[in-house]
Amino acid sequence: DAQLLVNAPHIPVHLGSLGVCARLVRDKIPIGVGDVVITNHPRYGGSHLPDVTLLSGVFTPQNELIGYVINRAHHAEIGGRTPGSMPPDATTLVEEGVVILPTYLVKGGEIQWDTMTQLFTESTYPTRSLTDNIADITAALASLRTGEAALQQLAAQHGLAKVHKYMKLLKNSAFEALQKALIAYQNQVFEATESLDDGHEIRVKIDIKPLVGTCNGATLAPDQQEHGFVIHENHTPLALTFDFTGSSPRHPHNLNANVSIIYSAILYVLRLLVNQNIPLNEGLMQGVKVILPDDSFLHPQFSDDPAECPAVVGGNTEVSQRLTDALLKALELAACSQGTMNNFLFGKSDGHAPFGYYETICGGTGASNGAHGRSAVHQNMTNTRITDPEELERRYPVRLEEFSVRQGSGGEGHWRGGDGVVRHVTFLDNLRVTLITQHRVVPPYGLAGGEAGQIGRQTLIHDDGNEELLAGICTFDVQSGDQLRLETPGGGGYGEM
């Protein structure tokens, strides 16, 4: 049914939306035996343009559909007005890079490399690193082939009916685990408001109440009835409504999210609420209703024409983090973490070897009731590792001067927020640099009397020694010898001292 079932555990903003993407792509373009579809378009479940998704159906030798395998991977460079494909002042999707509507990468077993090359090189703002893009796509395609073989082997060993039965039971087990976790929250309403640094607001109301009906006090969907959901004795199944009414309108630049981002954040927070070692799957979303205001920055309107679509790259990285913060705040699960991915990009578009480099930088996590926040780690919507210093300096014209814990940046409290980091680089060439961050104005909140974490900041140190405090979202040129010092936010504290 193209519902998310099992996945890698580490990057929820990518993986939580893959079910949405699979269903939208399947409805747009037929996926037959030997076909692989590629896309990055937010209208079809893409998060932002650098995140390129490959999807294929998996079939038995009798051409029966077993399921789907899907891969999403971030490309460090995919075109756009600035190197690294994240221009902070973009107003439309076309300015952010190569836009791929659902297209056949492989059709009937034949790879369409000419089509791919044309897509990546003849766009309005083409890629600067076609060789890297092709290599990344090849690796992603290999991962699909590996998953396809494993799924086919499973069906051959156990039979298709049994595989499909346990797919449904796996979703059911997630639903049951969530239902047990929700008992303490039933008939309650939770609300929160969180603000981006520019004043755009996320407003959410979470309503948890019994489903209406008669099956053990509730009406279950046919799939739930058929496969026997086991609910806590004498407990009526609960429904959740996430209502984002009142959130700010469409963003003029790139801090626009989409349905897949909202879906990923909700799925992730429900997984935290369960607090058990269960797979992240869409069984958690059964009985969940989401209300989004039309043409808000959480739900802007998209068309197939990228020139008519809003810019989205910061909606994926930054708004996804702030959405998670808002949901955790409403449910009072944890104080605010650094709430940003601290996107740092540099590169050049001219010369004989144009390139773009991209990294996200860790910070402090929020404390919770019973635990201090962790320092110097990624959290929530991203858990990527950073490039090794040796590889960074070997491949790119920079020198890493410092990468350390930003001591004391976490919020005080009975349980203390985690500290951010300091990342200090020297540029060894004339480059264009881009920063997209949050919590440079609004501090990460504390909970239950805990103090807020410190805001982040970034300072450009010119070769002559003069220092310039930079905005949280900006693009600027540097000369060889200039330095950038990034200080990431700390997490909020929990409870009074």
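## A walk through the predicted model

Start with two helices: α4 and α5 are roughly perpendicular to each other. This is a predicted model, so treat each stop as a look at computed coordinates.

**Stop 1: where α4 meets α5**

Select residues 130–158 for α4 and 160–182 for α5. Their axes come within 6 Å and cross at roughly 115°. To see what makes the contact, show side chains for L151, L154, A155 and H158 on α4, then L160, K162, V163 and M167 on α5. Colour them by class and you should find 6 nonpolar residues, 1 polar and 1 charged.

**Stop 2: along α5**

Stay with α5 and select the whole helix. It has 23 residues, and the distance from its first C-alpha to its last is 34 Å, close to the 33 Å expected at 1.5 Å a residue. Which residues of α5 are buried? They are L160, V163, K171, N172, A174, F175, E176, A177, L178, Q179, A181 and L182. While you look down the helix, one rule of thumb may help: an α-helix has 3.6 residues a turn, so residues three or four places apart point the same way.

**Stop 3: helix α7**

Next, select residues 259–274, which form α7. The end C-alpha atoms are 23 Å apart, in agreement with the 22 Å that 16 residues should span at 1.5 Å a residue. This helix is mostly covered, with 14 of its 16 residues buried. Step just past its end to N275, where phi is positive, near 55°.

**Stop 4: V204 in strand β7**

Now jump to V204, which sits in strand β7 (residues 201–210). Is V204 buried or exposed? Its relative accessible area is 3%, so V204 is buried. Show its surroundings: beyond neighbours within four places in sequence, V204 contacts F190, E191, A192, D243, F244, A326, L327 and A330. For a distance to try in your viewer, pick the C-alpha atoms of V204 and K329: they are 10.0 Å apart in space, yet 125 residues apart in sequence.

**Stop 5: Q338 in a loop**

Finish at Q338, in the loop between α8 (313–331) and β10 (343–348). Q338 counts as buried because its relative accessibility is 0%. What lies 3.3 Å from a polar atom of the Q338 side chain? There you will find the backbone oxygen of I361. Widen the selection and, setting aside residues up to four places away in sequence, Q338 touches I361, C362, G363, G364, H378, Q379, H439, T488, P489 and G490.

Definitions and conventions. Residues are numbered from 1 along each chain as its sequence is written. This is a predicted model: local features need pLDDT of at least 70, side-chain atom pairs count only at pLDDT 80 or more; totals for chains, interfaces and linings use all residues. Side-chain values use heavy atoms; hydrogens and water are left out. Helices (H or I, at least four residues) and strands (E, at least two) are DSSP runs, numbered from the N terminus. Buried means under 20% relative accessible area, exposed over 50%, partly exposed in between (1.4 Å probe, protein chains only). A polar contact is a pair of N or O atoms within 3.5 Å; within protein, one must be able to donate a hydrogen and the other to accept it, and residues adjacent in sequence count only if both atoms are side-chain atoms. Contact means heavy atoms within 4.5 Å. Axes are lines fitted to C-alpha atoms, for helices over the stretch in contact, and angles run from 0 to 180 degrees between N-to-C directions. Angles under 35 degrees count as roughly parallel, over 145 as roughly antiparallel, 65 to 115 as roughly perpendicular and the rest as oblique. Ala, Val, Leu, Ile, Met, Phe, Trp, Tyr, Cys and Pro count as nonpolar, Asp, Glu, Lys and Arg as charged, and the others, Gly among them, as polar. The expected span of a helix is 1.5 Å times one less than its number of residues.
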